[in-house]
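User: I'd like to learn how to read a structure like this one, residue by residue. Can we walk through it together?

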Amino acid sequence: IWGGILGADVENNVVPKLKFWTDVMKLEISDLKYFANYFRLSLEERIRPRYYFLVYAGYVKEGSQGLNLNSFRCSDRVFVNSYAFGQLSVYFNFKK
């Protein structure tokens, strides 16, 4: 279940993702048991842009109220269609 952190660079990979999880998204570390693959995802390319886009668009309140963790698991196209209500060009421009 924790395969995403085995062999990972703790200082450059695990710690920044844990800080984003707890300090920005305001989630509990115990919540990671539901989303162990979080550590396999790119913080810069997937986690951070999607989270901030959902906050920017008003779909998620600061502190992750309304956040669906499945929104991090899928492709960009599925993310936009399922969680960002079809705003593909808006999301890609935001992600830059």
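Analyst: Let's begin with exposure: a residue is called buried under 20% relative accessible area, exposed over 50%, and partly exposed in between. Keep in mind that this is a predicted model.

User: Is Thr22 buried or exposed, or somewhere in between?

Analyst: In between: Thr22 has a relative accessible area of 25%, so Thr22 counts as partly exposed. You'll find Thr22 in helix H1, which covers residues 10–24.

User: What does Thr22 touch, not counting residues up to four places away in sequence?

Analyst: A contact here is a pair of heavy atoms within 4.5 Å. By that rule, Thr22 touches Leu27 and Ile29. There's also a polar contact of 3.2 Å between the side chains of Thr22 and Asp23. For a sense of the fold, try Gly63: Thr22 and Gly63 are 41 residues apart in sequence, yet their C-alpha atoms are 9.3 Å apart in space.

User: Which sign does phi of Lys26 have?

Analyst: The general idea first: most residues other than glycine have a negative phi. Lys26 isn't a glycine, but its phi is positive, near 60°. Lys26 sits in the loop between H1 and H2, and with a relative accessible area of 54%, Lys26 counts as exposed because that is over the 50% cut-off.

User: How about Arg50: buried or exposed?

Analyst: Arg50 has 0% relative accessibility, so Arg50 is buried. Arg50 belongs to helix H2, residues 43–56.

User: What surrounds Arg50 there, leaving aside its neighbours within four places in sequence?

Analyst: Quite a list: Arg50 is in contact with Ser71, Phe72, Arg73, Cys74, Ser75, Asp76, Phe79 and Tyr91. Look at Ser75 in particular, since its backbone oxygen lies 3.4 Å from a polar atom of the Arg50 side chain.

User: How do I read the packing of H2 and H3?

Analyst: Start with the angle between the axes; under 35 degrees counts as roughly parallel. H2 and H3 (residues 76–83) pack at about 20°, with axes 12 Å apart, so the two helices are roughly parallel to each other. Their crossing is right-handed.

User: Which residues make that contact?

Analyst: From H2, Arg50, Phe53 and Leu54; from H3, Asp76, Phe79 and Tyr83. Sorted by class, the contact has 4 nonpolar, no polar and 2 charged residues. Arg50, the buried residue we just looked at, is one of the H2 residues in this contact.

Technical notes: Residues are numbered from 1 along each chain as its sequence is written. This is a predicted model: local features need pLDDT of at least 70, side-chain atom pairs count only at pLDDT 80 or more; totals for chains, interfaces and linings use all residues. Side-chain values use heavy atoms; hydrogens and water are left out. Helices (H or I, at least four residues) and strands (E, at least two) are DSSP runs, numbered from the N terminus. Buried means under 20% relative accessible area, exposed over 50%, partly exposed in between (1.4 Å probe, protein chains only). A polar contact is a pair of N or O atoms within 3.5 Å; within protein, one must be able to donate a hydrogen and the other to accept it, and residues adjacent in sequence count only if both atoms are side-chain atoms. Axes are lines fitted to C-alpha atoms, for helices over the stretch in contact, and angles run from 0 to 180 degrees between N-to-C directions. Angles under 35 degrees count as roughly parallel, over 145 as roughly antiparallel, 65 to 115 as roughly perpendicular and the rest as oblique. A crossing is left-handed if the near helix is turned anticlockwise from the far one by less than a right angle, and right-handed if clockwise. Ala, Val, Leu, Ile, Met, Phe, Trp, Tyr, Cys and Pro count as nonpolar, Asp, Glu, Lys and Arg as charged, and the others, Gly among them, as polar.
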